[in-house]
Amino acid sequence: MQTANHENLRASLAPNDQIQVAAIFEDKLSAKKTIQQLANSTDVSTDQVAFIDASDTAMSEKLEQESKSIGKNLWHSHLMLGGVGFLVGMLAAFLLVSFGPELTKQNPLFTYIALISPGIFTGLFVAGLVGLRPDRSEIVQAVRHAIRRNHVAVVINLKKTQSASDIASFLHSRSKNVVEAVR
C-alpha cells in the first residue's frame, strides 16, 4: 500500500497533469460517497473521475486513455534504438575490419553479421526496457485485482493546479489501497 508521501518516484517528478491516482473501495456506495466528498472539498471535478466496477466493460479505456500515443511512442523508440544498435554494430565491425586482428580482416562479411545482429538486438531490447512502465502496471494491476474481487476502483486524472499528495491523502483517509502513477 502506498502512502501519500510520493513513494512513486516518477509520480513525484512528473507534472501534476500527468498523474493518475486510483483508490480501491469495498462497495459502490462508499466509492460514490467518496467521489462526492472529493468533488465538494477539493477542486476535482466529476469529469476527472472514472468509476470502475466489475460490470464496467470500458475499464481499459478509463485506465489508459491514450493507447494510440503509447503505441506510437513504443514504435518510435524501437525504430530509433534499433537503428542506433545497427549503427553501433556497423561502426564496431568497420573498426575491426579496418584495424582489428587478421581474423576479422579476412572475414569482413562474418564480422559485420556478428556485430550488427547483437547491435540491433541490444537496441531493441533497450527500447523494450524503456517501454516498460512498472509504475503504470502497479495501478493497472491494483484496479484489475480489485475488480476481480468485486470491489470498486475510483481513478482520478489530475490537472496541473491539483496536488497529487493532497488528493492521495484525502483518498487514504477513506480507502486502504491508494496508488499513484504517471499516465
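## Contacts across the chain

Let's start with how the protein chain touches itself. If we take the contacts between residues at least 6 apart in sequence, 79% of them join residues at least 24 apart. Keep in mind as you look around that this is a predicted model.

How much of the chain is buried? Of the 183 residues in the protein chain, buried ones make up 37%. As for the outside, the chain exposes about 10,800 Å², and carbon and sulfur atoms supply 63% of that area.

## Helices, strands and overall shape

Try picking out the secondary structure by eye: there are eight helices and four strands in the protein chain. Following the sequence from start to end, you meet them in the pattern α-β-α-β-α-α-α-α-α-β-α-β. The radius of gyration of the protein chain is 23 Å, well over the 16 Å that the globule rule gives for 183 residues, so the chain is more spread out than a compact globule. Along the principal axes, its C-alpha atoms fill a box of roughly 75 × 30 × 25 Å.

## A salt bridge to find

The structure holds one salt bridge. Which side chains meet in it? They are those of Lys28 and Asp53, with a distance of 3.0 Å from N to O. Lys28 lies in helix H2 (residues 28–41), while Asp53 sits in the loop between strand E2 (49–52) and helix H3 (59–63), so the pair ties together parts that are 25 residues apart in sequence.

Are these two partners buried or exposed? Lys28 counts as partly exposed because its relative accessibility is 44%. Asp53 has a relative accessible area of 10%, so this residue is buried.

## A nonpolar patch on the surface

Now look for a nonpolar surface patch of about 600 Å². Its members are Phe121, Phe125, Val126, Leu129, Val130 and Leu132. One of them, Phe121, is found in helix H6, which covers residues 108–131. Why does Phe121 count as exposed? Its relative accessibility is 57%, and the cut-off for exposed is over 50%.

## How far to trust the model

The average pLDDT of the protein chain is 86, and 91% of the residues score at least 70. Residues 1–6 are a place for care: pLDDT stays under 50 there. For this stretch the model has 23 contacts beyond four places in sequence. Where pLDDT is low, the predicted coordinates should not be read in detail.

How values were computed. Residues numbered from 1 in each chain as written. Predicted model: local features only at pLDDT ≥ 70, side-chain atom pairs only at ≥ 80, totals over all residues. Heavy atoms only, no water. pLDDT = per-residue confidence, 0-100. Contact = heavy atoms within 4.5 Å. Patch = residues over 30% accessible without salt bridge, like charges linked within 9 Å, V, L, I, M, F, W, Y side chains within 5 Å. Areas by Shrake-Rupley, 256 points an atom, 1.4 Å probe, with all protein chains shown as cover. Salt bridge = Lys/Arg side-chain N within 4 Å of Asp/Glu carboxyl O. Helix = DSSP H or I, 4+ residues; strand = E, 2+ residues; numbered from the N terminus. Buried < 20%, exposed > 50% of the residue type's maximum accessible area, 1.4 Å probe, protein only. Rg over C-alpha atoms; globule rule 2.2 N^0.38 Å.
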